[in-house]
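Work through the exercises below with the sequence and the coordinates at hand. Each task is followed by a solution in steps.

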Amino acid sequence: MSQTLAPPDAETESVCIVGLGYVGLPLTLAFAEEGHPVVGYDVQSEKVATLSNGTDPTGELGDGRVADSDATFTDDPDAIARADVVVLTVPTPVDEVGTPDLSYIESAGETVGEHMSAGTTVVLESTVYPGATEEVLVPALESTSGFTVGEEFEVGYSPERVSPGDSKRGLRDVTKIVSGRTEDVCDQVAAVYESIVDAGVYRAPDIQTAEAAKAIENVQRDINIALVNELAIACDHLDLDTEAVLEAAGTKWNFHDEYRPGLVGGHCIPVDPHLFSYQSKQEGFAPELIMKAREINEYVPSHVAELVRRAMNDTGNVPRESRVLVLGVAYKPNVGDIRTSEVDAILDDLEEYGVEMVVYDPHADADAVRENFDVPVTDSLSFEDYDGVLVGTGHDEFAEIDVTTMAERLADDGFVVDVPGALARAKEDGVDVTYRKL
């Protein structure tokens, strides 16, 4: 019988979380709050020090919750040896041509393998292509541990479903998919996660099914958003109001009305279609619809930049003489994360035309914006001395903007290009400004 079957009381198993970002930190705190002996391990010593001092580096959970936690934070991998369950939450990016980069999983697997004890169950939470847990992680664990899966250790897969900035759907509120190499391992993984997820768990029949399910969740969103994005571009050419078209179509009972045009950034939706398609192509089938949707969504920043240039032309503004205030550069509303933000591509396009741009984002770190986007940043919201406004991210704060005052403060013949529709009332109220929306 395997050494890794669930002990009599799985709710008290010791847990080590590897990776303390947006996924790993909530898990660490949740397990600690339910009485598990927990250690959060990360290779970044600065992050570990920040957490040990009671500060939340993600800005998602709050300093108080970190400070009050009984979890231990460390950059010493020896802590892995004391865990019954080790959970990996490391990034899985793709390169410039969409090929998965699983080097973080390999590296983390080798580190865990070097330090884990016999009887450990290792659970991967990172989004991967179907088969990666057993084809990539297991060999990495075996290579440094000298152990054999199914004998001295076990593996499971439970994909993360964190949505940064969504206070209504936290870790405890979303059903957790769990899986294991065997049914017994799946039961152990399920018992551990049931202790922290109020919404319960869903037992996938095998690891590859769970891996594919995670990727398809975001593939579906990517395709649906691509549909409305392509509609918006077509409506622009047809001189139609996209929102009016969607509102009219939405009067039919079976029309899916929850999707709107927009930029598709972040660490999941732009990546997961590549992960799934990569493995499918390895097995002889290239999914065309999935990758066409990705192509459409990747084109949207170019279309937005074109809308800005056309707004300039319509208002008599010359790009090289124009100054534009950019509201929001984070990849989604109400978060500060600018990594993989598609607003960057818009700014790059406009920069080639000599447009001067200044960013205001109440959530993003100003120094990070300057370093990554190479644009000036202002920490106060003022429309003086700008020819136009580009709304890149629909932060809640922008809903409080007085659009009449905005129009008055902009230069004569001012314009607004509003990707998320945050300032749509400028058009609805007939404010004296040229308004364009994606």
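**Exercise 1. A helix and its buried residues**

Task: List the residues of helix 9 that are buried, then state which elements they pack against and what follows the helix.

Solution. The model is a predicted one. Helix 9 covers residues 272-282, and its buried residues are Asp272, Pro273, His274, Leu275, Ser277, Gln279 and Ser280. These buried residues pack against helix 5, helix 7 and helix 10, the last of which spans 288-314. After helix 9 comes Gly284, with a positive phi near 105°.

**Exercise 2. The chain as a whole**

Task: Determine whether the radius of gyration agrees with or departs from that of a compact globule, and describe the chain's extent, burial and contacts.

Solution. Begin with the expected value: for 438 residues, a compact globule would have a radius of gyration near 22 Å. The chain has 24 Å, so the two agree. Next, the extent: the C-alpha trace spans about 75 × 50 × 40 Å along its principal axes. The secondary structure consists of 14 helices and 13 strands. Of the 438 residues, 51% count as buried. For contacts between residues at least 6 apart in sequence, 72% join residues at least 24 apart. Finally, the surface: about 19,700 Å² is exposed, and carbon and sulfur atoms supply 45% of that area. The chain carries 29 positive and 85 negative charges, whose mean positions lie 6 Å apart.

**Exercise 3. The nonpolar cores**

Task: Find the residues with the most contacts inside the largest nonpolar core, and name the element that gives the most to this core.

Solution. The largest nonpolar core has 33 residues, and Val86, Leu88, Val112 and Val122 have the most contacts inside it. Elements that give two or more residues to this core include strand 1 (15-18), strand 4 (85-88), helix 4 (103-115) and strand 5 (120-124). Helix 5 gives the most, with five residues. Now take Val86 and set aside its neighbours within four places in sequence: its contacts are Cys16, Val18, Ile80, Val112, Thr120, Thr121, Val122 and Val123. A second core, separate from this one, has 30 residues, among them Leu25, Ala30, Val48 and Val192.

**Exercise 4. Two buried residues**

Task: Place Thr74 and Ala210 in their elements, explain why each counts as buried, and list their contacts beyond four places in sequence.

Solution. Thr74 belongs to strand 3, residues 72-74. The cut-off for burial is under 20% relative accessible area. Thr74 has 14% relative accessibility and therefore counts as buried. Its contacts are Val39, Gly40, Tyr41, Asp42, Val48 and Ala79.

Ala210 belongs to helix 7. With 0% relative accessibility, Ala210 is also buried. Ala210 touches Tyr157, Pro159, Ile177, Ser179 and Ala204. Between Ala210 and Ala191 there are 17 Å, C-alpha to C-alpha, at a sequence separation of 19 residues.

**Exercise 5. Positive phi in a loop**

Task: For Asn334 and Thr340, give the phi, the location and the exposure.

Solution. Start from the general expectation: most residues other than glycine have a negative phi. Asn334 has a positive phi, near 65°, and Thr340 has one near 60°. Asn334 sits in the loop between strand 9 (323-327) and helix 11 (343-351). Thr340 is likewise in the loop between strand 9 and helix 11. Asn334 is partly exposed because its relative accessible area is 25%. Thr340, at 40% relative accessibility, also counts as partly exposed.

Technical notes: Residues are numbered from 1 along each chain as its sequence is written. This is a predicted model: local features need pLDDT of at least 70, side-chain atom pairs count only at pLDDT 80 or more; totals for chains, interfaces and linings use all residues. Side-chain values use heavy atoms; hydrogens and water are left out. Buried means under 20% relative accessible area, exposed over 50%, partly exposed in between (1.4 Å probe, protein chains only). Contact means heavy atoms within 4.5 Å. The radius of gyration is taken over C-alpha atoms; the globule rule is 2.2 Å times the number of residues to the power 0.38. Accessible areas come from the Shrake-Rupley method with a 1.4 Å probe; for residues, only the protein chains shown count as cover. Lys and Arg count as positive and Asp and Glu as negative; His and the chain ends are not counted. The place of a charge is taken as NZ of Lys, CZ of Arg, CG of Asp or CD of Glu. A nonpolar core is a set of buried Ala, Val, Leu, Ile, Met, Phe, Trp, Tyr and Cys residues joined through side-chain atoms within 4.5 Å.
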